[in-house]
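Trainee: Got a minute to walk me through this one? I'd like to get my bearings before I head back to the bench.

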Amino acid sequence: MNKKIIILIATLVVIIGGFTIFANNKNDESGKGPIKIGALLCLTGPCAEWGENSLSGIKLAVEEINEKGGVLGRPFEIVVQDSTEATPASTISAYRNLVSSGIEYIIGPSWTAAGLALAPVASDDVGKVIITSPSLGVAEFNEASDNIFNLWPHDDLATRALAKYAFDNGARNVAIFGSKEAWYQAQSDAFEDEFKKLGGTIIIREDQPSEQKDQRTIALKINAAKPDAVVFTNYDNIGLMSKELKNLGYKNAQYTINLDESRLTQAQGSLEGAVYVTYAPATSDFQDAFEKRYGKKPGITTDNAYDVVYLYAKAIEDSGTSDVEEVNKTLSAYKDFSGASGNVTIDDKGGVEKPAVFWKVESGKFVRLEK
Amino acid sequence: MEYFIHLGVLVSIYAILAMSLNLVVGYTGLLSITQAAFYGIGAYATAILITSYGMNFFLSILIGMAIAALAAFIIGYVLSKFDGDYFALGSFGFNIIIFSIFLNWQGLTRGPLGIPGIDRPSIFGFTISDNISFLILSVLFAGAIYFISQFIVNSSFGRVLKAIREDEKAIQIFGYKTHHYKLIIFIAGAMIASIAGSFFASYITFVDPSSFNLNESIFILSIIILGGLANNKGAIWGAVFLILLPEALRFVGFPTDVAAQMRQVVYGLILIFLMLYRPQGLMGEFKL
């Protein structure tokens with residue numbers, strides 16, 4: 001095929017794509033059209049379950065709000081972009097795509113690495129964009145700027161609670177299975193720091209790349225160390241490591257921070273009895289509404305993402321305008337919020353506080369522990 | 001408009017990277033899978049020098065190039081003992097080593113948490129804070145590197161490189177110390193890649209190891225294969241195509257529930273189609 005034709009086709013794709021931005025997504029400057037919400041979520045890759053769950057929560061919230069007449073008489077409209085959280089450049093491309101389309105309210109990104117990369121870029125858009133993550137557990141994200149918020153508590157606080165729980169339940173020599181990725185490392189560091197302060201010992205800590213799926217050697221090392229408990233902060237490979245440990249005859253305690261259905265399935269029963277820390281479950285009203293609409297239970301982050309939409313709606317209503325600067329001021333002034341994810345206290349840096357809750361895996365189901 | 005400017009900057013950065021690798025792979029025939037490591041060295045050098053020492057961006061580029069040159073000298077000296085597939089495997093290994101240093105030397109690089117807050121360049125007190133000025137700067141640098149690369153490949157030195165690619169033993173018979181030429185071009189490629197890294201760091205204002213892993217080296221290699229080996233214009237077009245194609249696919253009207261996944265499927269299919277019908281790339285002079 002003639003090389004000029006190939007170059008022409010490529011150029012056409014770009015031009016058509018560019019034209020489509022302006023044809024379909026240009027901002028309604030009359031102030032009467034829909035208020036667009038950008039869903040900048042991880043829809044491919046290891047975080048896809050979180051992104052997909054968040055998107056389903058956003059869709060439900062938008063449907064409910066629009067059925068009641070919208071906000072200030074204007075419906076919400078979702079514009080979805082995969083944040084492609086493999087590299088910062090791809091997340092920033094997706095963000096810029098949304099912002100260039102005139103979208104001022106963004107929900108996302110899903111995980112920490114993308115959030116840390118996006119925070120400095122979003123900080124330059126104060127007064128133009130408000131961005132709130134439903135699932136990103138580190139303070140550096142929302143503390144980067146006044147227009148960045150986070151409806152997921154800072155996980156290192158829950159992790160410290162887990163360290164205390166493990167110590168109170170008799171663990172003194174613990175193994176940590178972690179990874180050298182931002183969130184995983186933050187949790188490993190928090191657990192180790194708190195556990196040592198309590199008087200415990202970390203007898204072995206293994207940080208493995210999350211793309212490494214063969215965990216046999218590490219499992220042998222951990223099992224040989226005979227820990228009282230194993231703490232999994234390598235979130236991607238919880239199930240794989242747990243299976244390897246079970247195959248080696250490990251029977252002691254297992255702890256982790258957060259747990260979702262896909263990791264439980266990956267474990268194939270080896271996480272039975274594991275205890276994990278997360279936050280209060282979605283309210284029963286929300287769970288019922290979601291199950292009625294979609295025929296399945298909500299997953300992790302669904303309630304948080306749902307609440308972000310309602311938080312935006314409340315802030316716009318209370319401001320009496322969809323002007324971003326005014327809405328930002330209103331949002332920053334909130335001290336608490338009550339929604340599908342329960343009651344949260346909003347701090348003055350755009351983050352939230354929620355009490356940590358302990359759960360246990362029993363008969364393949366997540367059972368809340370009353371402590 | 002900001003979105004297109006952003007894409008323009010990325011294209012410029014990847015064009016610089018592609019031209020740097022083309023000198024090594026396309027013109028000299030050395031299958032190197034380590035370019036992301038030098039890209040990362042430039043990026044981290046700029047990040048650390050600007051955030052910790054308040055150094056000027058352009059001075060940080062020079063220091064980044066010096067560090068990349070030193071690393072390339074050491075790596076290139078070892079790799080010069082290998083040929084063909086062994087060279088590729090060796091370079092693969094070095095990329096992993098450098099990535100591991102970025103990830104684990106936390107006192108210097110902050111590991112997976114990365115280094116935020118990297119300032120934009122400033123010239124004589126004027127800060128290039130807006131993206132369009134940054135785009136102009138990056139395009140100027142890409143243009144300068146294009147002319148430098150063309151000068152190299154069209155010179156007598158460049159003719160020796162091509163001869164090494166075609167038949168190294170034949171040119172050795174004429175008394176050329178080919179391992180010197182290979183080492184020099186490997187170092188030159190590394191220095192140019194580090195310039196791209198410096199621009200990346202200053203533009204994104206954040207660096208972390210995830211941008212400089214093996215996948216990135218393979219992506220840069222894909223750019224020059226698709227664009228066409230041993231052709232600098234092809235390297236630029238390859239960067240244009242591989243950066244803009246996935247972005248253009250964001251606007252194809254797939255159903256929301258499967259849009260993200262379908263984009264990746266279509267992207268892969270287009271690449272396969274192009275390789276089937278144009279295996280030498282858009283403007284290539286030879287195939288690997």
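**Chain A and its partner**

Mentor: Sure. Chain A has 13 helices and 15 strands, where helices (H or I, at least four residues) and strands (E, at least two) are DSSP runs numbered from the N terminus. This is a predicted model, where local features need pLDDT of at least 70 and side-chain atom pairs count only at pLDDT 80 or more, while totals for chains, interfaces and linings use all residues. Residues are numbered from 1 along each chain as its sequence is written, and chains are lettered from A and ligands numbered from 1 in the order in which they are written.

Trainee: How compact is chain A for 371 residues?

Mentor: Its radius of gyration is 22 Å, close to the 21 Å from the globule rule, so chain A is as compact as a globular protein of that length. The radius is taken over C-alpha atoms, and the rule is 2.2 Å times the number of residues to the power 0.38.

Trainee: What share of chain A is buried?

Mentor: 51% of the 371 residues. Buried means 20 or more other C-beta atoms within 10 Å of the residue's own, exposed means 12 or fewer, and partly exposed is in between, with C-beta atoms placed from the backbone.

Trainee: Switching topic: how many residues does each chain put into the contact?

Mentor: Chain A gives 34 and chain B gives 37; two residues are in contact if their C-beta atoms, placed from the backbone, lie within 7 Å.

Trainee: Which element gives the largest share on the side of chain A?

Mentor: α1(A), with 10 residues. The side of chain A that touches chain B divides into 19 nonpolar, 10 polar and five charged residues. Here Ala, Val, Leu, Ile, Met, Phe, Trp, Tyr, Cys and Pro count as nonpolar, Asp, Glu, Lys and Arg as charged, and the others, Gly among them, as polar.

Trainee: Can we zoom in on one residue? Where is P88(A) found?

Mentor: In helix α3 of chain A.

Trainee: And why does P88(A) count as buried?

Mentor: Because P88(A) has 24 C-beta neighbours inside 10 Å.

Trainee: What does P88(A) touch?

Mentor: Leaving out residues up to four places away in sequence, P88(A) touches A117(A), plus I204(B), F206(B), D208(B) and S211(B). The C-alpha atoms of P88(A) and A113(A) are separated by 7.8 Å, with the two residues 25 apart along the chain.

Trainee: Last one: what is V309(A) in contact with?

Mentor: Setting aside neighbours within four places in sequence, V309(A) contacts I37(A), I58(A), A61(A), V62(A), I65(A) and F76(A).
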